[in-house]
Amino acid sequence: NGDGDCCPESWIGDGWCDDGELSTGCNLICYEGELSDCNECSENEGDLNSDNEVNIQDVVILIDCILDNNCSECSDINTDGIANILDVINLINIILN
C-alpha cells in the first residue's frame, strides 16, 4: 500500500484478510491470492482458505485462529457462535466424509 510495511509472503492466501484493517496493518489485497481471504465465506463448508478444497490446510488455519483468538465467522463450522475444538472436529469429519 506504499507505507513501507513489510509483511511475510506466506500471509498471502493464508485464510486471513490482510486489508490493512487488522492489528498487523498489512494491506495485501493487491495480490490475487489475498482477495479470497477478504471475501465472504467460501461456498464449500470448511474451505477456510478458499482454494476449493477442504483439507489439512484448512484445519491448520482453524487451529491457528483458535490459538490466536482471532477467528472469522467462516471458522465457526458448527455455527454455535464461537470457533473452538468442536469446529475442528466438524472440519475433520467433513474431510473424512
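How many helices and how many strands does the protein have? It has three helices and zero strands, and, read along the sequence, these elements follow the pattern α-α-α. Before selecting anything, keep in mind that this is a predicted model, and that every value quoted on the tour has been computed from it.

**The whole chain**

Begin with the full protein displayed as a surface, which comes to about 6,300 Å² of accessible area, 49% of it belonging to carbon and sulfur atoms. If you then colour by relative accessibility, 27% of the 97 residues count as buried. In a contact map restricted to pairs with a separation of 6 or more, residues 24 or more positions apart account for 31% of the contacts.

**Helices α2 and α3**

Next select residues 56–68, which form helix α2, together with residues 85–96, which form helix α3; their axes come within 10 Å and cross at roughly 175°. Because angles over 145 degrees count as roughly antiparallel, that crossing makes α2 roughly antiparallel to α3.

Now show the side chains where the two helices meet: on the α2 side these are I56, D58, V59, L62, I63 and I66, and on the α3 side they are I85, D87, V88, L91, I92 and I95. Sorted by class, the contact of α2 with α3 holds ten nonpolar residues, two charged residues and no polar ones.

**I66, within α2**

From that set, keep I66, which has its place in helix α2 and is partly exposed, with a relative accessible area of 26%. Setting aside residues up to four places away in sequence, I66 touches C71, A83, N84, I85 and V88. Drawing a C-alpha to C-alpha distance from I66 to A83 gives 6.4 Å in space for two residues that are 17 apart in sequence.

**The disulfide of C65 and C71**

One of the residues touched by I66 is C71, and selecting C71 with C65 brings up a disulfide whose sulfur atoms are 2.0 Å apart. The torsion about this S-S bond is 90°, and the link is right-handed. Are its two ends buried or exposed? C65 counts as buried, at 1% relative accessibility, whereas C71 counts as partly exposed, at 30%.

**The disulfide of C7 and C26, and C6 beside it in sequence**

A search of the whole structure finds two disulfides, and to see the other one, select C7 and C26, which are joined with an S to S distance of 1.8 Å. The torsion about the S-S bond of C7 and C26 is about -100°, so this disulfide is left-handed. Both cysteines lie in the segment before α1 (32–38), so the pair ties together parts that are 19 residues apart in sequence. Here C7 is partly exposed, with a relative accessible area of 24%, while C26 counts as buried at 4% relative accessibility.

Add C6 to the selection, and ask why its sulfur is not in a bond with the sulfur of C7. The sulfur of C6 is 7.2 Å from that of C7, the closest cysteine sulfur, which is too far for a bond, since a disulfide requires a pair of cysteine sulfur atoms within 2.5 Å. C6 itself is exposed, with a relative accessible area of 77%.

**The loops: N52, T79 and I82**

Turn to the backbone torsions, bearing in mind that most residues other than glycine have a negative phi. In the loop between α1 and α2, select N52, whose phi is near 65°, a positive value in a residue other than glycine. In the loop between α2 and α3, select T79, where phi is near 50° and is again positive in a residue other than glycine. N52 is exposed at a relative accessible area of 62%, and T79 is likewise exposed, at 66%.

Finish in the loop between α2 and α3 with I82, which counts as partly exposed at 48% relative accessibility. Leaving aside its neighbours within four places in sequence, I82 is in contact with D76 and D87, and D87 is one of the α3 residues that meet α2. For a last distance, draw the line from I82 to S72: the two residues are ten apart in sequence and 9.4 Å apart in space, C-alpha to C-alpha.

Conventions:
Residues numbered from 1 in each chain as written. Predicted model: local features only at pLDDT ≥ 70, side-chain atom pairs only at ≥ 80, totals over all residues. Heavy atoms only, no water. Axes fitted to C-alpha atoms, helices over the stretch in contact; angles between N-to-C directions. Helix = DSSP H or I, 4+ residues; strand = E, 2+ residues; numbered from the N terminus. Parallel < 35°, antiparallel > 145°, perpendicular 65-115°, else oblique. Contact = heavy atoms within 4.5 Å. Nonpolar A, V, L, I, M, F, W, Y, C, P; charged D, E, K, R; others polar. Buried < 20%, exposed > 50% of the residue type's maximum accessible area, 1.4 Å probe, protein only. Areas by Shrake-Rupley, 256 points an atom, 1.4 Å probe, with all protein chains shown as cover.
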